[in-house]
Amino acid sequence: MTLTQTTPSVGDVADDDLRSWLSDMLLIRRFEEAAEEASLRGLVPGGIHPAIGQEASAVGVARALRPDDIVTSTHRSHHHALAKGLDPAAAMAELFGKETGTIGGRGGSMHLADFDKGLWGANAIVGGGLGLAMGSALGAKLQGLPRVSAGYFGDGGANVGRVWEFVNLASVWKLPLIAICENNLYAVETPSATVTGGTSVADRAAGFGVASRQVDGQDVVAVYEATREAAEAARAGEGAQFIEVLTYRYRGHNAGEVVTYRTDDEVEQWRSSKDPIERFVAHLTDRGLLSSEQLTEIEKSVAETVDHAVTFAEESKWPDPSSAGENVSEWNVLGWSANGLIDNDGSKR
Ligand SMILES: Cc1ncc(C[n+]2csc(CCOP(=O)(O)OP(=O)(O)O)c2C)c(N)n1
Ligand SMILES: [Mg+2]
């Protein structure tokens, strides 16, 4: 297990691309703020889990992957989705449950997906998304496809058994899987330190025989470098990879949560000393790659995109209730029995 803490160089990334990383992180922050406001106004059925503070974890990973690589996400999904290239207006409309959403308003915040963009779904089952990524990695290996699959889960996910079943088999079968633990220190109101044995999640993963790294998740460049190294190894047939991303969510578990389990000082400490956007702005500015005019331009463009996304979502129509059964199952079955499938008319298959 290696710890990447300092900001390494990204010499081979074009200056424009680096500025677009910043643009993506700002887009995520403004999108989340707007989604949170909409949620508190009652416009988002089911509520949301904002990822404000975790922007670098999404952008550093997505930018180190190829567009046709696969990402699977968690209940806290908006940052992963936007970083993977989902259209912000369609993503916002999905949160609002509208027919113009990425999956027609049927899934909402915890089921954002766009197969064309390589987002094989957010997943509300803690630890479940990693299983989808593992299946995608197995498929790629069986079909001889060059893609890698990255599956996110949280520090809470790191304490459920299924996560380690996925990591173990991906290790044994040498699958092109990158398992990414987004350790934001809390699972709802439970501090990770009070329920997590061992020295670190990354060390725990190393015990399964996968190459494992722990990275400063508030440093987009460090996240990018760790993911690039993992993706190269996985693509080269070296087998499953693991990254523990050390990060922090500024908001409560879900929008509107009354936070009683940590202090305002703790949040302020992270925000004032480690904010991923402020750090990257400083990094680009110090290297002479970002002027204040360019930053203003990026902020303006992001604000327009998010304003448009909210207006689009609000003005879009609800899905037609009569279409509720479409795309649900090609078998149109009512359920399973011990003897096989049961059709809607009650007959067995
Ligand atoms: C199998 C399962 N158990 C419990 C829950 C309820 N639940 C939703 S989010 C969550 C905590 C997840 O914490 P973590 O994995 O650290 O992710 P974070 O919310 O910090 O991003 C829990 C227990 C669930 N969705 N699925
Ligand atoms: Mg957590």
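**Figure 1. Spacing of the magnesium donors along the chain.** In this predicted model, the donors of the magnesium ion (ligand 2) follow the spacing D-x28-N-x1-Y. D155 sits in the loop between β3 (149-154) and α6 (161-172), and N184 in the loop between β4 (177-183) and β5 (186-187), so the pair ties together parts that are 29 residues apart in sequence. The protein donors are D155 (OD), N184 (OD1) and Y186 (O). They lie 2.1 Å from the ion. D155 and N184 are both buried.

**Figure 2. Surroundings of ligand 1.** Ligand 1 is surrounded by 15 residues. The closest are H75, R76, A124, G156 and N184. N184 is also a donor of the magnesium ion (ligand 2). The side chain of H75 has an N or O atom 2.7 Å from an oxygen atom of ligand 1. A124 places a backbone N or O atom 2.8 Å from a nitrogen atom of the ligand. At Y186, a backbone N or O atom lies 2.9 Å from an oxygen atom of ligand 1. The protein covers 69% of the 590 Å² of accessible area that ligand 1 has on its own.

**Figure 3. H49 and its contacts.** H49 is found in the loop between α1 and α2 (55-64). Is H49 buried or exposed? Its relative accessibility is 9%, so H49 counts as buried. The H49 side chain reaches the backbone oxygen of H75 at 3.4 Å. H75 is also among the residues closest to ligand 1. Neighbours within four places in sequence aside, H49 is in contact with E32, H75, R76, M110, H253 and N254.

**Figure 4. The largest nonpolar core.** In soluble globular proteins, nonpolar side chains tend to be buried together. Here the largest nonpolar core has 66 residues. Which of them have the most contacts inside it? They are W21, L22, M92, L95, I178 and F280. Helix α1 (residues 15-40) gives the largest share of this core, eleven residues. F280 touches L18, W21, L22, M25, V220 and V221, not counting residues up to four places away in sequence. Apart from this core lies another, of 20 residues. Its members include A133, F153, L175 and A240.

**Figure 5. Helix α4 and its cover.** Eight of the eight residues of α4 are buried, so the helix is largely enclosed by the rest of the structure. The buried residues are P88, A89, A90, A91, M92, A93, E94 and L95. Two of these names, M92 and L95, also appear among the residues with the most contacts inside the largest nonpolar core. What covers α4? The cover of its buried residues includes α1, α3 (78-83) and α11 (292-315). Just after α4, G97 takes a positive phi of about 75°.

**Figure 6. A90 within α4.** A90 belongs to helix α4 (residues 88-95). Its relative accessible area is 12%, so A90 is buried. Setting aside neighbours within four places in sequence, A90 is in contact with T100, G101, T102 and F312. How far is A90 from V71? The two are 19 residues apart in sequence and 18 Å apart in space, C-alpha to C-alpha.

Methods: Residues are numbered from 1 along each chain as its sequence is written. Chains are lettered from A and ligands numbered from 1 in the order in which they are written. This is a predicted model: local features need pLDDT of at least 70, side-chain atom pairs count only at pLDDT 80 or more; totals for chains, interfaces and linings use all residues. Side-chain values use heavy atoms; hydrogens and water are left out. Donors are N, O and S atoms within 2.8 Å of the metal (3.2 Å for Na, K and Ca); water is not among the atoms, so sites may look incomplete. Helices (H or I, at least four residues) and strands (E, at least two) are DSSP runs, numbered from the N terminus. Buried means under 20% relative accessible area, exposed over 50%, partly exposed in between (1.4 Å probe, protein chains only). A nonpolar core is a set of buried Ala, Val, Leu, Ile, Met, Phe, Trp, Tyr and Cys residues joined through side-chain atoms within 4.5 Å. Contact means heavy atoms within 4.5 Å. A polar contact is a pair of N or O atoms within 3.5 Å; within protein, one must be able to donate a hydrogen and the other to accept it, and residues adjacent in sequence count only if both atoms are side-chain atoms. A residue is near a molecule or strand if one of its heavy atoms lies within 4 Å of it. Accessible areas come from the Shrake-Rupley method with a 1.4 Å probe; for residues, only the protein chains shown count as cover.
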